[in-house]
Amino acid sequence: MPTVARIVASVCVAFIAWVVSGLAKQVLQMPDTGMLVPLSVVIGAVCGWVILGRRADRGKLGVVNAIGVGLTAVAMTAIWVLLVISAAESFDIAMTRRFHDPMKVIYGIYPIALRYGQALLDTDILVWLLAGGSITGILSHLSGQKWPGR
């Protein structure tokens, strides 16, 4: 059921994912990232809707809990994007027949995710993730308080 808190959470987390994926492209110095940005936005919107929006629906979180849930939504967005992008790249490598065993494709996800995950340790990206998650949690909480769902 769409509520204002879910919509606010979805839009805000998607915006943070869009900004962070743009910053990650610069840090990784990748001219062509394929589906990184659109995929990040979609995963951010889904995580915002499901994780943060569901908890902020009635506006009874409290500010501190809202910040915590906002940070959780942003962290889960980053983890899911890392997993999907790393799995896709590992699958692309497997299609060039560099892996001779299906398990090596799965094991190949970890070094790729580690390489992309190190980009998230950049100061600008960390500030965006932490500040954006906190502000998103507060905004969702306030919108859930103002316009409670159900």
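What pattern does the chain follow, read along the sequence?

1. **Overall fold.** This is a predicted model. Read along the sequence, the pattern is α-α-α-α-α-α. The secondary structure comes to 6 helices and 0 strands.

2. **Extent and burial.** The C-alpha trace spans about 55 × 30 × 20 Å along its principal axes. The chain has 150 residues, and 42% of them count as buried. Take the contacts between residues at least 6 apart in sequence: 79% of these join residues at least 24 apart.

3. **Helix H3.** H3 covers residues 63-95, which is 33 residues. At 1.5 Å a residue, H3 should span 48 Å. The C-alpha atoms at its ends are 48 Å apart, so the expected span and the model agree. After H3 comes arginine 97. The phi of arginine 97 is positive, near 65 degrees.

4. **H3 against H5.** Helix H5 runs over residues 109-119. H3 and H5 pack with their axes 9 Å apart, at an angle of about 130 degrees. That angle makes H3 oblique to H5, because it falls outside the ranges for roughly parallel, roughly antiparallel and roughly perpendicular. The crossing is right-handed. On the H3 side, the contact is made by Leu82, Ile85, Ser86, Ala87, Glu89, Ser90 and Ile93. H5 contributes Ile109, Ile112, Ala113, Arg115, Tyr116 and Gly117. As background, an α-helix has 3.6 residues a turn, so residues three or four places apart point the same way. Among the H3 contact residues are Leu82, Ile85, Glu89 and Ile93; the reader can trace them along the helix.

5. **Cysteines.** How many disulfides does the structure hold? The count is 0. Cysteine 12 is in no disulfide, and the nearest cysteine sulfur, that of cysteine 47, lies 14 Å away. Cysteine 47 is likewise in no disulfide, with the sulfur of cysteine 12 as its nearest, 14 Å away. A disulfide needs the two sulfur atoms within 2.5 Å, so this pair does not qualify. Are these cysteines buried or exposed? Cysteine 12 has 18% relative accessibility and therefore counts as buried, the cut-off being under 20%. Cysteine 47, at 7%, also counts as buried.

6. **Threonine 123.** Threonine 123 sits in helix H6, which covers residues 123-146. Its relative accessibility is 55%, so threonine 123 counts as exposed, the cut-off being over 50%. How far from aspartate 57 is threonine 123 in space? The two are 32 Å apart, C-alpha to C-alpha, and 66 residues apart in sequence.

How values were computed: Residues are numbered from 1 along each chain as its sequence is written. This is a predicted model: local features need pLDDT of at least 70, side-chain atom pairs count only at pLDDT 80 or more; totals for chains, interfaces and linings use all residues. Side-chain values use heavy atoms; hydrogens and water are left out. Helices (H or I, at least four residues) and strands (E, at least two) are DSSP runs, numbered from the N terminus. The expected span of a helix is 1.5 Å times one less than its number of residues. Buried means under 20% relative accessible area, exposed over 50%, partly exposed in between (1.4 Å probe, protein chains only). Axes are lines fitted to C-alpha atoms, for helices over the stretch in contact, and angles run from 0 to 180 degrees between N-to-C directions. Angles under 35 degrees count as roughly parallel, over 145 as roughly antiparallel, 65 to 115 as roughly perpendicular and the rest as oblique. A crossing is left-handed if the near helix is turned anticlockwise from the far one by less than a right angle, and right-handed if clockwise. Contact means heavy atoms within 4.5 Å.
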